[in-house]
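Reader: I'm new to this one and would love a close look at a single part: the place where the two chains meet. Could you walk me through it, and then show me a bit of what lies around it?

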Amino acid sequence: MANVTLRNVRKTYLGGFEAIKGIDFEVGDGQFCVLVGPSGCGKSTLLRMVAGLETITGGEIDIGGRVVNQIEPADRDIAMVFQNYALYPHMSVYNNMAYGLRNRGMAEGEIKTRVGEAARILELGAMLERKPRQLSGGQRQRVAMGRAIVRQPKVFLFDEPLSNLDAKLRIAMRVEIRKLQRRLSTTSIYVTHDQLEAMTLADILVVMNGGQVEQIGNPLEIYQKPATTFVASFIGAPPMNLMPLRSELKSQLAGDARAGEAGIIGIRPEDFVISNQTVSGGVALGLTVEAIERVGAETFIYGTRQQEMQGVAATPGELPPGEIIVRIPGAVGPSIGERIRAVAAPDKLHLFTADGRKRVGG
Amino acid sequence: MEKSIVFNNRLLPYMLLLPQLVITVVFFYWPASQAIWQSFLREDAFGLVSEFVGLENYQALFAQPEYYRSMLTTVIFSTLVAALSLSIALLFATQADKNLKAAPAYKTLMIWPYAVAPAVAGVLWFFMFQPSLGMLARPLRGMGLDWNPLLNENHAMMLVVMASVWKQISYNFLFFLAGLQSIPKSVIEASAIDGARPVRRFWTIIFPLLSPTTFFLLVVNVVYVFFDTFGIIDAVTGGGPAGATTTMVYKVYADGRLGGDLGGSAAQSVVLMVIVIALTAIQFRYVERKVQY
């Protein structure tokens, strides 16, 4: 049982490259924290710093009330699940799980009980004598989990543990990890670049970009009120439509108090309605339908705005300038080439400053 | 699943195999069969007449006490050289595998001795330890040690062992280093988190995962000490003093080339060949079973 607290944590490499630029956050006891961000944003580095696999060049990491900056990974009382599982290929499943306990001098009887319990939870009972190479990807993943839980550590660290699995298994394992974590209520930090994984797993979501935290909070809160255009386009799929707030759009928002300070407007694809009516205080866009994706339960419409569009500063995951995605329920909808009006209500509008670094209004 | 390739042209697969087959036949099967045939013959003193004598050469060979002595010498010599060159190379490789700034330079320096011909290496070591001139022999004598590999059998053995080990370390080092670098970093990190201290980590994780490399090197090193150390022994001690460093391969040369006993020497090389084939077969059969993967 432990809190994990990061205080102004920094990582500067010898060449002067700053991978982590001062990060603060706290994960409460038993909480599930997810670090999400594009590749190269420093999330894995940060996790490895918590694990003790990377040195900390500034700030403090505190696990359970103890600053661990100078403490060896073995003595931090953490367990880590690696992306490639990192099982010991020459050891049986049983020995893979028992290894960490033997290193700590635990009696064989106690080891047997603990490994047996973990094997039961993870349904590995029939495979204890097998070598990792005889297991499927999902089974290896479970052994890696087992190796972490037998130790009963204060904190679990997960480094993209599901990215080597196929899509179906990934969803199943995601649910399993969450159930397991609830059951053991062990503080966890989980790194992923998959925003869907992040949304579904997290108690606290930390969105990172370029070695900095963009936003911290409850996943739904982040979805509903993204603090920057980066978060707006990174969280949610398909990404939020971002447009410069100019001329015609600006005149539509004339009555909105936020419009003065704002430079960029964002609307989520699911917040549009196709309609000929105008919502007072809202926004209406005239679109020409370019492409349609029907996935059964919903339909994605890709359209271009009829007015010429100048691009907003491009951020990862953002659409090409001028393209707007509309998401509507059901399988019916317009056809290609058709002209439609997409309307969004005032409470569905997200406004940001022109540099995209700040949300305007609530 | 292995994919088998079907050739449309029936001649092509044989043509592709031909160069390797020619080399093997010309440089191995032909001389080997010549040696076997020669081992049943006896030549007169002038090399003019050869006479078929059956197994007489072998009988004479196994009646020689010197032959048993050369076997014992070979066992001592090969065990020392293989054990030392493998363990020292492994030690160096684990050090070079650490993230040191000077690692590339260190690796290059480690590889150099491999580029030195065995006879040249032998001469180098001979001069360094030559009792009256050697730059390393003089300090040894200065410390009160009666260092004399020319007369003392143990000193001579130590010298050829050192020279042979020195020569082989670079080769073993290269392979061990490659083997170490192929162990996934995350496995090592996982064991560090699992509470294994460096020494325990080495013996429980790294060493077992390195076993395919170690096994390969063991086979290569055994062949090396049996055959390729000839040049070093010839240059350093010439098999002396009083046959103390005459290994089996050196005795083949000494008896055949210097002693003119071609039949006896051929019989020895046949015995040597059988021993090496047997050793390699044993290694493959028993040691490989314990190798991981």
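Author: Let's start right at the meeting point. In this predicted model, 16 residues of chain B are in contact with 17 residues of chain A. On the chain B side, two elements give two or more residues each: helix H8 (185–193) and helix H9 (198–209). H8(B) gives the largest share, six residues. Sort the chain B side by class and you get 10 nonpolar, three polar and three charged residues.

So H8(B) deserves a longer look. Which of its residues are buried? They are B:Val187, B:Ala190, B:Ser191, B:Ala192 and B:Ile193. And what covers them? The cover includes pieces of both chains: helix H1 (43–51) and strand E6 (78–81) come from chain A, while H9 comes from chain B itself. Just after H8(B) you run into B:Gly195, and its phi is positive, near 90°.

Now step back to chain B as a whole. Its secondary structure comes to 13 helices and two strands. The C-alpha trace spans about 75 × 75 × 30 Å along its principal axes. Of the 293 residues in chain B, 30% are buried. If you take the contacts in chain B with a separation of 6 or more, 69% of them link residues 24 or more positions apart.

Over in chain A, there's a helix pair to look at. Helix H4 (residues 137–150) and helix H5 (residues 167–184) of chain A pack with their axes 11 Å apart, at an angle of about 15°. Because of that angle, H4(A) is roughly parallel to H5(A). Their crossing is right-handed. On the H4(A) side, the contact is made by A:Gly137, A:Gly138, A:Gln141, A:Met145 and A:Ile149, and on the H5(A) side by A:Leu169, A:Met173, A:Leu180 and A:Leu184. By class, that contact has six nonpolar residues, three polar ones and no charged ones.

Another spot to find in chain A is A:Ser188, in strand E8 (residues 187–192). Is A:Ser188 buried or exposed? It's buried, because 27 other C-beta atoms lie within 10 Å, and 20 or more is enough to count as buried. Leaving aside residues up to four places away in sequence, A:Ser188 touches A:Phe32, A:Cys33, A:Val155, A:Phe156, A:Phe158 and A:Gln181. You can also trace A:Ser188 to A:Lys154: the two are 34 residues apart in sequence, and their C-alpha atoms are 8.8 Å apart in space.

Last stop: a sheet in chain A. It's an open sheet of four strands, in the order E11-E12-E18-E19, and the pairing is antiparallel. Strand E11 (241–244) and strand E19 (359–360) of chain A stand at the edges with a single partner strand each, so one side of each has no neighbour in the sheet. In general, strands of a sheet pair through backbone hydrogen bonds, and the pairing can be parallel or antiparallel. Zoom in on one pair here: strand E18 (residues 350–352) of chain A is joined to E19(A) by two bridges, and these strands run antiparallel. To see a bridge for yourself, find A:Leu351 and look across to its bridge partner in E19(A), which is A:Val360.

Key. Residues numbered from 1 in each chain as written. Chains lettered and ligands numbered in written order. Predicted model: local features only at pLDDT ≥ 70, side-chain atom pairs only at ≥ 80, totals over all residues. Axes fitted to C-alpha atoms, helices over the stretch in contact; angles between N-to-C directions. Parallel < 35°, antiparallel > 145°, perpendicular 65-115°, else oblique. Left-handed = near helix turned anticlockwise from the far one by under 90°. Contact = placed C-beta atoms within 7 Å. Nonpolar A, V, L, I, M, F, W, Y, C, P; charged D, E, K, R; others polar. Buried ≥ 20, exposed ≤ 12 C-beta atoms within 10 Å, placed from the backbone. Pairing = 2+ DSSP bridges.
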